[in-house]
Amino acid sequence: FGRIYVAHEGINAQLSVPLSGFEALRSYLYSIPELDGLRLNIAVDDDGKSFWVLKIKVREKIVADGITDAAFDMRNKGRYVNAEEFNALTSDADTIVIDMRNHYEYEVGHFEAAIEVPSDTFREQLPMAVDMMQANKEKNIIMYCTGGIRCEKASAFMLHQGFKNVFHLEGGIINYANTVKEKGLPNKFRGKNFVFDNRLGERISEEVIAQCHQCGEPADTHTNCRNEGCHLLFIQCEKC
């Protein structure tokens, strides 16, 4: 089961696979020359409810970005940093960390001292991030997102706009969380990582940094309004 997007610029797949079939899937993927060695981000926190169907969609772009400049080149992207490098760079007070996710993702979890680009869409965020960082063109800027997809494009866009020291977290929050756990590194992510499947989130740290939108008590569980005329995504505690 899962959701697969196919576009000229690449493929983005989120899959739910029985554990007994995972190695067979990986072996098959790696038997395709273009996919050999592809990084697979394994879920941090799985309750078995991620996907119930398989959807494959053809899109103009993997992530809608609004970029129309023909000179923009995705191949000229920021430098990857792994979990250890991320921790080291963010120990420097002059390093700026930018969260390239939507506001509702940031609300339930983010890296320490990360800057939010308050927006509902990636298309809006790109020019906003450039404007917000104009006074910091010489500083180290690290961008991150859920699994690394949006930041491939975001870091390239920042370089295209004249920024010099642009980095992005390889594999995003998911790869970071797995790496710090595996290697016993300090975890600089606070709270929950929002995910775009039926789980709606995976626990990265035990901290609850958000509040219930109804009563204001600490909570970080997203739910969709049961009224089909509304269907608003919001945070609701168990009591409410």
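Q: Which element gives the most residues to the nonpolar patch?
A: In this predicted model, a nonpolar surface patch of about 1000 Å² includes Val6, Ile11, Leu54, Ile56 and Val58 among its members. Strands E2 and E3 are the elements that give two or more residues to the patch. The top contributor, with 3 residues, is E3.

Q: Is Ile11, a member of the nonpolar patch, buried or exposed?
A: Ile11 is placed in strand E2. Its relative accessibility is 57%, and the cut-off for exposed is over 50%. Ile11 therefore counts as exposed.

Q: What is the order of the strands in the open sheet?
A: Strand E1 pairs with E2 in the antiparallel sense over 6 bridges. E1 also pairs with E3, in the parallel sense over 5 bridges. The pairing in this open sheet of 3 strands is thus mixed, and the order is E2-E1-E3.

Q: Why is one side of strand E2 and of strand E3 left without a neighbour in the sheet?
A: The sheet is open, with the order E2-E1-E3. E2 (10-15) and E3 (54-58) each have a single partner strand, so one side of each has no neighbour in the sheet; both strands stand at the edges.

Q: By how many degrees are neighbouring strands of this sheet turned against each other on average?
A: The sheet has 3 strands and is open. With direction ignored, the average turn between neighbouring strands is 10°.

Q: How many residues lie between E1 and E2 in their hairpin?
A: E1 and E2 are joined by antiparallel pairing. Within this pairing, Ala7 has Gly10 of E2 as its bridge partner. The number of residues between the two strands of the hairpin is 2.

Q: Which residue in E3 is the bridge partner of Tyr5?
A: Strand E1 covers residues 2-7 and runs parallel to E3. Val6 has its bridge partner in E3 at Val58. For Tyr5, the partner in E3 is Lys57.

Q: How many of the 6 residues of E1 are buried?
A: Buried means under 20% relative accessible area. By that cut-off E1 is mostly covered, and the number of its residues that are buried is 5.

Q: Which helices do Arg150 and Glu105 lie in?
A: The side chains of Arg150 and Glu105 form a salt bridge, with N to O at 3.0 Å. Arg150 is buried at a relative accessible area of 13%, and Glu105 is buried at 0%. The pair ties together parts that are 45 residues apart in sequence, because Arg150 lies in helix H5 (residues 149-160) and Glu105 in helix H3 (residues 103-108).

Q: Which residue forms a salt bridge with Arg199?
A: Arg199 is buried, at 15% relative accessible area. Its partner is buried too, at 7%. The closest N and O atoms of the pair are 2.9 Å apart, and the partner is Asp197.

Q: What is the relative accessible area of Arg75?
A: Arg75 forms a salt bridge with Asp73, the closest N and O atoms being 3.1 Å apart. Asp73 is partly exposed, at 31%. Arg75 is exposed, and its relative accessible area is 74%.

Q: Which residues are joined into one network by salt bridges that share partners?
A: Side chains of opposite charge can pair when their charged atoms come close. The structure holds 15 salt bridges. The network formed through shared partners consists of Glu9, Lys61, Asp65 and Lys153.

Methods:
Residues numbered from 1 in each chain as written. Predicted model: local features only at pLDDT ≥ 70, side-chain atom pairs only at ≥ 80, totals over all residues. Heavy atoms only, no water. Pairing = 2+ DSSP bridges. Helix = DSSP H or I, 4+ residues; strand = E, 2+ residues; numbered from the N terminus. Axes fitted to C-alpha atoms, helices over the stretch in contact; angles between N-to-C directions. Salt bridge = Lys/Arg side-chain N within 4 Å of Asp/Glu carboxyl O. Buried < 20%, exposed > 50% of the residue type's maximum accessible area, 1.4 Å probe, protein only. Patch = residues over 30% accessible without salt bridge, like charges linked within 9 Å, V, L, I, M, F, W, Y side chains within 5 Å. Areas by Shrake-Rupley, 256 points an atom, 1.4 Å probe, with all protein chains shown as cover.
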